[in-house]
Amino acid sequence: MPKPTADLATLGLGVDRTSPVPLYHQLAQQLQAAIEQGRLAPGSLLGNELELAARLGLSRPTVRQAIQSLVDKGLMVRRRGVGTQVVHSRIRRPLELSSLYDDLDAADRRPETRVLRNTVEPASAEVAAALHVAAGSEVHLVERLRYAHGEPMALLRNHLPPGLLDLGTVALEATGLYRMMRASGLTLHSARQAVGARTATGEEAALLAEPAGAPLLTMERTTFDDGGRAVEFGSHVYRASRYAFEFQLLARP
């Protein structure tokens, strides 16, 4: 089935010729915003560069440069015999005390969850240290695959102290873990977090639709309630091709 051609007339594209921002960059920013906001759907074709240039009163090289900048960012691809096609934009997540589910939901990315494991197991030394429990004592493990727009984004492993809250599989697939924790009366106050990177194992690659050895972003987080109790230890991996963490850096006074 042929992919739909995007109706660019509905996007309100336009450029300000009095602005010091280059025209190609203005166009690229508007197209990127349309992709990230879902107004340019993944899989849709951008159409003819000549037509777009004529509609906006721009030269073809300017339009081509704008599109190429989005191709370079991985937001579009050029396919021989097909044309320029929109692909899924990379998820950009701020580093703050929020859940992936909430961030995807707020960005209208249609989050979905598949629970892989929901069980109780002995705490490893790492988990025990994070949750301040004895090594070998029982802790709850929840392992989930998180999707956005029907595409796998992250593999999430969370350990929690036993009996902290009801962790039913149906509820875990319907909403986010942090939402469940807050609904149970827990106040999530702060967290300690580390971000890194490594290559995917064969199992991770299969679950995340990536080739074996593909780069993954990693995040480990220990979350504390308002009484200073460790209530969750997460060990997550994200597709580097579809995901990025954003930092806000402030200058020292």
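In this predicted model, R117 is partly exposed, its relative accessible area coming out at 38%. Its partner is better hidden: E143 has a relative accessible area of 7%, which puts it in the buried class. The two form a salt bridge, and 2.9 Å separates their closest N and O atoms. R117 sits in strand 4 (residues 111–122) and E143 in strand 5 (residues 138–148), so this pair ties together parts of the chain that are 26 residues apart in sequence.

E143 has another partner too. A salt bridge also runs from E143 to R157, with the closest N and O atoms 2.8 Å apart. Here the link goes from strand 5, home of E143, to strand 6 (residues 151–160), home of R157, and the two residues are 14 positions apart.

Strand 6 turns up again in the next pair. E151 takes part in a salt bridge with R239, and in this case the closest N and O atoms lie 3.3 Å apart. With E151 in strand 6 and R239 in strand 9 (residues 230–239), distant parts of the chain are linked, 88 residues apart. Both ends of this bridge, R239 and E151, are buried. As for sharing, R117, E143 and R157 are joined into one network by salt bridges with partners in common. Counting through the whole structure gives six salt bridges, including the R117–E143 pair.

Now for the helices. The axes of helix 1 (residues 23–36) and helix 3 (residues 60–72) come within 8 Å of each other, and they cross at roughly 45°. Angles under 35 degrees would count as roughly parallel and those from 65 to 115 as roughly perpendicular, and helix 1 and helix 3 are therefore oblique to each other. The crossing of this pair, helix 1 with helix 3, is right-handed. On the helix 1 side, the residues that meet helix 3 are L23, Y24, L27, A28, L31 and Q32. Facing them from helix 3 are T62, V63, Q65, A66, S69 and L70. Sorted by type, the residues of this contact come to eight nonpolar and four polar, with no charged ones.

Two loop residues deserve a look for their backbone angles. H132 has a phi near 60°, a positive value in a residue that is not glycine. It is located in the loop that runs between helix 5 (125–131) and strand 5. H132 counts as exposed because its relative accessibility is 57%, and the cut-off for that class is over 50%. A209 likewise shows a positive phi, about 60°, although it is not a glycine. The loop in question for A209 lies between helix 8 (202–207) and strand 8 (215–225). With a relative accessibility of 52%, A209 counts as exposed.

Stepping back to the whole protein, there are eight helices and 10 strands. The protein has 253 residues, and 45% of them count as buried, E143 being one of the buried residues. Contacts across the sequence can be tallied as well: taking those with a separation of 6 or more, 59% are between residues 24 or more positions apart.

Notes: Residues numbered from 1 in each chain as written. Predicted model: local features only at pLDDT ≥ 70, side-chain atom pairs only at ≥ 80, totals over all residues. Heavy atoms only, no water. Axes fitted to C-alpha atoms, helices over the stretch in contact; angles between N-to-C directions. Helix = DSSP H or I, 4+ residues; strand = E, 2+ residues; numbered from the N terminus. Parallel < 35°, antiparallel > 145°, perpendicular 65-115°, else oblique. Left-handed = near helix turned anticlockwise from the far one by under 90°. Contact = heavy atoms within 4.5 Å. Nonpolar A, V, L, I, M, F, W, Y, C, P; charged D, E, K, R; others polar. Salt bridge = Lys/Arg side-chain N within 4 Å of Asp/Glu carboxyl O. Buried < 20%, exposed > 50% of the residue type's maximum accessible area, 1.4 Å probe, protein only.
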